[in-house]
Amino acid sequence: MTFMEDDKIRDLFRKFDPELSSDFSFINKLQHSLDAVESIKAENAELKRRSKKAIAIAAAAGFAVGALFSSALPYIGSAVHDMALTSGAAVQMLADNYLVPAWTIIGGTAVLTALNTYELSLSLMKRR
Amino acid sequence: MERELFINHIKSTQRAFRRFLVALCCGDSQLADDIAQESYIKAYLACDTCCDHDKFGAWLYRIGYTTFLNHKRSEKITAGYDEARHIASADSTDSAFRYQELYSALENLPAKERTAILLFYLEGYSVKEVADIVDASQVAVRQQLSRGREHLRKLLETTKI
């Protein structure tokens with residue numbers, strides 16, 4: 001490749017000026033697309049904000065239910081022991097080992113409450 | 001970057017960018033416009049990541065190049081070449097035929113060589129800048145330019161443009 005041929009290629013592209021669609025319509029189309037992008041971005045931001053709010057409400061609800069049941073645990077324990085005194089060996093065994101199933105039930109209830117509260121608060125916020 | 005600033009920047013540079021894409025798409029100006037629109041939207045969504053205002057142009061060409069490759073991969077482009085040529089023929093304007101030989105020659109170049117040639121000769125980027133845009137080493141870009149020049153040299157011999 002000689003310098004002359006290299007110049008020919010440069011010259012070929014220097015003259016290159018293809019017919020393009022109008023600048024106005026191109027920019028106009030781009031502005032419309034950017035409007036759509038902005039509206040989607042705003043919608044996503046709103047969804048994110050709602051989701052964060054719903055997560056906070058759900059966590060609070062889950063915690064409240066968990067705390068309520070936990071505070072009631074000693075009363076449940078004494079009730080089970082009272083029952084065991086008048087019942088058979090099976091209930092007696094349950095009374096001795098009630099803590100693990102009781103905490104499992106409390107944990108499960110708290111999680112279920114949190115999940116349902118999340119769904120409920122999301123749907124309520126969407127309606128508004 | 002704010003929208004107004006972005007639009008102002010686009011207004012001042014869009015013709016060169018679209019001209020590059022028309023050449024990259026071998027004369028299919030409709031596809032070039034689509035790729036330009038898509039590239040600008042991608043750039044707008046990601047413009048916070050490009051903090052260096054001086055490198056915005058090169059960054060935009062990189063987005064344009066990757067968008068073009070994505071279109072090419074989805075094979076929209078291969079079906080479009082001939083169709084676009086027929087549409088252009090139907091227009092039968094002088095400008096539609098003016099660059100037909102050039103487009104044919106560019107079409108025969110692999111996408112990497114074509115991009116390197118266009119960025120170097122049409123847009124005036126240096127080898128280092130081209131390497132940054134196409135995400136290749138400078139040695140690879142020099143090879144692509146060399147091969148591309150060789151292909152174009154053959155065109156110059158046959159068509160005497």
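Colleague: Hello! To get me started, what is the mean pLDDT of chain B?
Modeller: Welcome! Keep in mind that this is a predicted model. In chain B, 81% of the residues reach a pLDDT of 70 or more. The mean pLDDT of chain B is 82.

Colleague: Which element of chain B has the lowest mean pLDDT?
Modeller: Among the elements of chain B, the highest mean pLDDT, 93, belongs to helix 8 (residues 127-134) of chain B. At the other end, with a mean of 52, is helix 4 (residues 76-91) of chain B.

Colleague: How many helices does chain B have?
Modeller: Read along the sequence, chain B follows the pattern α-α-α-α-α-α-α-α-α. Chain B has zero strands, and its helices number nine.

Colleague: Which helix of chain B gives the largest share of the side that touches chain A?
Modeller: The contact takes 20 residues from chain A and 27 residues from chain B. On the chain B side, helix 1 (3-24), helix 2 (29-46), helix 7 (111-122) and helix 9 (138-159) each supply at least two residues. The largest share, nine residues, comes from helix 1 of chain B.

Colleague: By class, how many residues on that side of chain B are nonpolar?
Modeller: Happy to break that down! The side of chain B that touches chain A has nine charged and four polar residues. Its nonpolar residues number 14.

Colleague: Which helix gives the most to the largest nonpolar core?
Modeller: This core has 41 residues, and B:Leu21, B:Leu119 and B:Val130 touch the most other members. Helix 2 of chain A supplies at least two residues of the core, as do several helices of chain B, including helix 3 (56-73) and helix 6 (100-108). With seven residues, the one that gives the most is helix 1 of chain B.

Colleague: Leaving aside neighbours within four places in sequence, which residues is B:Val130 in contact with?
Modeller: B:Val130 is one of the core residues that touch the most other members. Leaving aside those sequence neighbours, the contacts of B:Val130 are B:Ala116, B:Leu119, B:Phe120, B:Tyr125 and B:Val141.

Colleague: Over in chain A, why does A:Val80 count as partly exposed?
Modeller: A:Val80 lies in helix 2 (residues 23-86) of chain A. A residue needs 20 or more other C-beta atoms within 10 Å to be buried, and 12 or fewer to be exposed. A:Val80 falls in between because its count within 10 Å is 17.

Colleague: What distance separates the C-alpha atoms of A:Val80 and A:Asp96?
Modeller: Beyond its neighbours within four places in sequence, A:Val80 is in contact with A:Leu94, A:Ala95 and A:Tyr98. A:Val80 and A:Asp96 are 16 residues apart along the chain, and their C-alpha atoms are separated by 9.1 Å.

Conventions
Residues numbered from 1 in each chain as written. Chains lettered and ligands numbered in written order. Predicted model: local features only at pLDDT ≥ 70, side-chain atom pairs only at ≥ 80, totals over all residues. Helix = DSSP H or I, 4+ residues; strand = E, 2+ residues; numbered from the N terminus. Contact = placed C-beta atoms within 7 Å. Nonpolar A, V, L, I, M, F, W, Y, C, P; charged D, E, K, R; others polar. pLDDT = per-residue confidence, 0-100. Core = buried A, V, L, I, M, F, W, Y, C linked by C-beta atoms within 7 Å.
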